[in-house]
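Reader: I have a new model open and plenty of labels to make sense of. Could you show me how each one is earned?

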Amino acid sequence: KYKVDPMQLDAVLIYAKGGSGIRAGLYTDYSFALWKDRELIKFASAYSGLSNSEIIELDKWIRKNTIEKFGPVRSVKPEMVFEISFENIQLSTRHKSGISVRFPRITKWRKDKIIKDADTLKNAYKLIKK
């Protein structure tokens, strides 16, 4: 099977949702945003890529930094940056960002970056193959 090198963007964590099964009771489903001008726009959700210790650390942070609750979803202070990898990116009319990504996953918790260092939607659009 032919594997493609994943594309990557640094994105800001904006939402978290509780997991299921073995991870029930922990926030393990995350939504990420990219910058468009001075606004963060959701572009992907990812559920895998963090170690168990990272999940526990992030869960504690989410509980302390929740802004609003929408049923099972919490919006959090936009302070954490993560590297998100994915196999493909394409235009989408269904998403506010105007893009959709295939097989998004967390590949690195970017503790070395602040949110202003996160990528822009403009950078994401540059990855789309014409």
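Author: Let's go through the labels one at a time, setting values against cut-offs. Keep in mind that this is a predicted model.

Reader: How do you know that arginine 110 and aspartate 10 form a salt bridge?

Author: The closest N and O atoms of arginine 110 and aspartate 10 are 3.6 Å apart. The rule asks for a side-chain nitrogen of Lys or Arg within 4 Å of a carboxyl oxygen of Asp or Glu, so the pair counts. The two partners come from distant parts of the chain, 100 residues apart: arginine 110 is in the loop between strand 9 (105-109) and helix 2 (121-126), while aspartate 10 is in strand 1. Both arginine 110 and aspartate 10 are buried.

Reader: What makes lysine 96 and glutamate 39 a salt bridge?

Author: Here the N to O value is 3.5 Å, and the cut-off is 4 Å, so this Lys and Glu pair passes. Lysine 96 sits in the loop between strand 7 (88-91) and strand 8 (99-102), and glutamate 39 in strand 3 (residues 39-46), with their positions 57 residues apart in the chain.

Reader: Is lysine 96 called buried or exposed, and why?

Author: Exposed, because its relative accessibility is 68% and the label needs over 50%. Glutamate 39 has a relative accessible area of 40%. That value falls between the 20% and 50% limits, so glutamate 39 is called partly exposed.

Reader: What about aspartate 59 and arginine 63: what makes them a salt bridge?

Author: Their closest N and O atoms are 2.7 Å apart, and that is within 4 Å, so the rule is met. Both residues lie in helix 1 (residues 52-64), four residues apart, or about one turn of the helix.

Reader: Why is aspartate 59 given one burial label and arginine 63 another?

Author: Aspartate 59 has 5% relative accessibility, under the 20% limit, so it counts as buried. Arginine 63 has 39%, which lies between the two limits, so it is partly exposed. As for linked bridges, Asp10, Arg110, Asp112 and Lys113 are joined into one network by salt bridges that share partners. By the same rule, the count of salt bridges comes to eight.

Reader: On to the rings. How many aromatic pairs are there?

Author: The count is four. One of them is phenylalanine 43 with phenylalanine 86.

Reader: Why is the pair of phenylalanine 43 and phenylalanine 86 called edge-to-face?

Author: The centres are 6.4 Å apart, within the 6.5 Å allowed, so the rings pair. The planes are at 75°, and over 60 degrees counts as edge-to-face, so that is the label. Phenylalanine 43 lies in strand 3 and phenylalanine 86 in strand 6 (residues 81-86), so the pair ties together parts that are 43 residues apart in sequence. Both of these phenylalanines are buried. Elsewhere, ring pairs link Tyr30, Phe32, Phe82 and Trp109 into a cluster.

Reader: How do you know that lysine 111 lies over the face of tryptophan 109?

Author: Lysine 111 is 4.3 Å from the ring centre of tryptophan 109. The distance limit is 6 Å, so that part of the test is passed. The label also needs an angle within 35 degrees of the ring normal, and lysine 111 is indeed listed as lying over the face.

Reader: What makes the phi of aspartate 37 worth a mention?

Author: Its phi is near 60°, a positive value in a residue other than glycine. Aspartate 37 lies in the loop between strand 2 (27-36) and strand 3. It counts as exposed because 73% relative accessibility is over 50%. Phenylalanine 103, also not a glycine, has a positive phi of about 55°; its place is in the loop between strand 8 and strand 9.

Reader: Last topic, empty space. What lines the second largest pocket?

Author: Ile14, Tyr15, Leu40, Ile67, Glu68, Phe70, Ser75, Val76 and Pro78 do, around a volume of about 160 Å³. Strand 4 gives the most, with three residues.

Reader: Why does the lining of the second largest pocket have one charged residue?

Author: Asp, Glu, Lys and Arg count as charged, so Glu68 takes that label. The rest of the lining divides into seven nonpolar and one polar.

Definitions and conventions:
Residues numbered from 1 in each chain as written. Predicted model: local features only at pLDDT ≥ 70, side-chain atom pairs only at ≥ 80, totals over all residues. Heavy atoms only, no water. 1 Å grid on protein atoms, 1.4 Å probe; cavity = no way out; pocket = protein on both sides within 12 Å on 5 of 7 lines; lining within 4 Å. Points joined across faces, edges and corners; volume = space filled by probe spheres on them. Helix = DSSP H or I, 4+ residues; strand = E, 2+ residues; numbered from the N terminus. Buried < 20%, exposed > 50% of the residue type's maximum accessible area, 1.4 Å probe, protein only. Phe/Tyr/Trp six-rings, centres within 6.5 Å; stacked < 30°, edge-to-face > 60°.
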